Amino acid sequence: MAGRHAEYGERVPKRKNTFSSRRRRLVQRAVHAGWSWVQRTGAVTAERPGRLHFGAMGTGTRLAFPQGTVFGEPWIHLGDHCIIAEQVTLTAGLMPDLDLGPDPILRIGDGVVLGRGSHVIADTTVMIGSDCYFGPYVYVTSTNHSYDDPHEPIGKQWPRMEPVEIGPGCWIGTGAVILPGARIGRNVVVAAGAVVRGVVPDHAVVAGAPARVVRRWTAADGWQPPLRTPAPVPIPDGVTPEQLLALAELDAESIAGLRAVEAAHEDVRAES
């Protein structure tokens, strides 16, 4: 018998410690529930600002917890319905506890989304227009190191500052860097990882380091170079979420039948 156990011992399943497994699951659930509570409680809104007292904070705006570095908040104005993701840094001034005067330094418009881990460093004026969407880890700064003196460590030399302006409706891709003096127009796409300086015209797509215009729209010529994919078809007005869910459950045969019915209606309308 012992020999048989030795021969087939590797096939005998080990007895599980069901108590330990159950305890682990309970602890896991407790940790997730606790962290969700911490995130909800630690989020910053106009009604619950916590220690952060912004110069202005609009209705529906929320800073997720945990926040990144935030200082100079009296000179930071946030619009309505902004989403500031976790670990986003927002600063006004070179360091905390400075008097920056009567006007805001960092102004963020309505409906702006700042992705996780992004930084907006406003040592001088930075303006972000409404409805701009930032991917994760975007870096916007109005300050750059100078290296004029070859004998002095670069970190000890006085920096250069230039205002930054990002127009409304822009999409800033993951990991993009917006440098001092950048003037980005409206509805501009900044590709992931691009490094932007200088002036970017309206309705442009920029990419690269340094970023260059790779596509642009004008009223006279449309998109040049032309878009390679057709534009998405918007959802018609009046369509409800319930109707969209019902459409998602249709199979190919049902969709073909609906198209045939619609085509027949078009024929009747054409004849009349």
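**Salt bridges**

I began with the salt bridges, and a search of the whole structure, which is a predicted model, returned two of them. In one of the two, Arg-116 pairs with Glu-86, and I noted 2.5 Å between the closest N and O atoms. I then looked up where the partners sit: Arg-116 belongs to the loop between strand S8 (113–114) and strand S9 (119–122), while Glu-86 belongs to the loop between strand S5 (83–84) and strand S6 (89–92), so this pair ties together parts that are 30 residues apart in sequence. For the accessibility of Arg-116 I have a relative accessible area of 40%, and I therefore enter this residue as partly exposed.

The salt bridge of Arg-160 is with Asp-148, where the closest N and O atoms are 2.8 Å apart. Here Arg-160 is in strand S14 (residues 160–161) and Asp-148 is in the loop between strand S13 (143–144) and S14, so the parts tied together by this pair are 12 residues apart in sequence. Are Arg-160 and Asp-148 buried or exposed? Arg-160 has a relative accessibility of 48% and counts as partly exposed, whereas Asp-148, at 54%, counts as exposed, because the cut-off for that class is over 50%.

**The loop between S13 and S14**

I stayed with the loop that holds Asp-148 and looked up Ile-154, which also lies between S13 and S14. Its relative accessible area is 45%, which I record as partly exposed. Which residues does Ile-154 contact once neighbours within four places in sequence are left aside? I found His-145, Ser-146 and Tyr-147. As a distance check, I took Ile-154 and Asn-144, which are 10 residues apart along the chain, and found their C-alpha atoms separated by 11 Å.

**Thr-91 in strand S6**

I next turned to Thr-91, which is found in strand S6, the strand that follows the loop of Glu-86. Thr-91 has a relative accessible area of 3% and is buried, because that value falls under the 20% cut-off. Not counting residues up to four places away in sequence, I listed its contacts as Thr-69, Phe-71, Ile-76, Leu-106, Val-120, Ile-121 and Ala-122. I also took the C-alpha to C-alpha distance from Thr-91 to Asp-123, and this came to 7.6 Å for two residues that are 32 apart in sequence.

**Backbone entries**

I looked up the cis peptide bonds and have two entries to make. Phe-65 and Pro-66 are joined by a cis bond with omega about 0 degrees, and I placed Pro-66 in the loop between strand S2 (62–63) and strand S3 (70–71). The bond from Gln-224 to Pro-225 is cis as well, with omega near -10 degrees, and Pro-225 sits in the loop between strand S24 (222–224) and helix H3 (241–248).

I then noted positive phi values in residues that are not glycine. Gln-87 has a phi of about 60 degrees, lies in the loop between S5 and S6, and counts as partly exposed at 36% relative accessibility; Glu-86, the salt-bridge partner of Arg-116, is in that loop too. For His-203 I found phi near 55 degrees in the loop between strand S21 (199–200) and strand S22 (204–207), and its relative accessibility of 23% makes this residue partly exposed.

**The whole chain**

I closed with the overall values. I counted four helices and 24 strands in the protein. Why do I not describe the protein as a compact globule? Its radius of gyration is 28 Å, well over the 19 Å that the globule rule gives for 272 residues, so the protein is more spread out than such a globule. Along the principal axes, the C-alpha atoms fill a box of roughly 85 × 80 × 45 Å.

Of the 272 residues, 31% are buried, and the exposed surface of the protein is about 17900 Å², with carbon and sulfur atoms supplying 57% of that area. When I took the contacts between residues at least 6 apart in sequence, 28% of them joined residues at least 24 apart. For the charges I have 27 positive and 28 negative side chains, and the centres of the two sets lie 15 Å apart.

Definitions and conventions
Residues numbered from 1 in each chain as written. Predicted model: local features only at pLDDT ≥ 70, side-chain atom pairs only at ≥ 80, totals over all residues. Heavy atoms only, no water. Helix = DSSP H or I, 4+ residues; strand = E, 2+ residues; numbered from the N terminus. Rg over C-alpha atoms; globule rule 2.2 N^0.38 Å. Buried < 20%, exposed > 50% of the residue type's maximum accessible area, 1.4 Å probe, protein only. Contact = heavy atoms within 4.5 Å. Areas by Shrake-Rupley, 256 points an atom, 1.4 Å probe, with all protein chains shown as cover. Lys, Arg positive; Asp, Glu negative; His and termini not counted. Charge placed at Lys NZ, Arg CZ, Asp CG, Glu CD. Salt bridge = Lys/Arg side-chain N within 4 Å of Asp/Glu carboxyl O.
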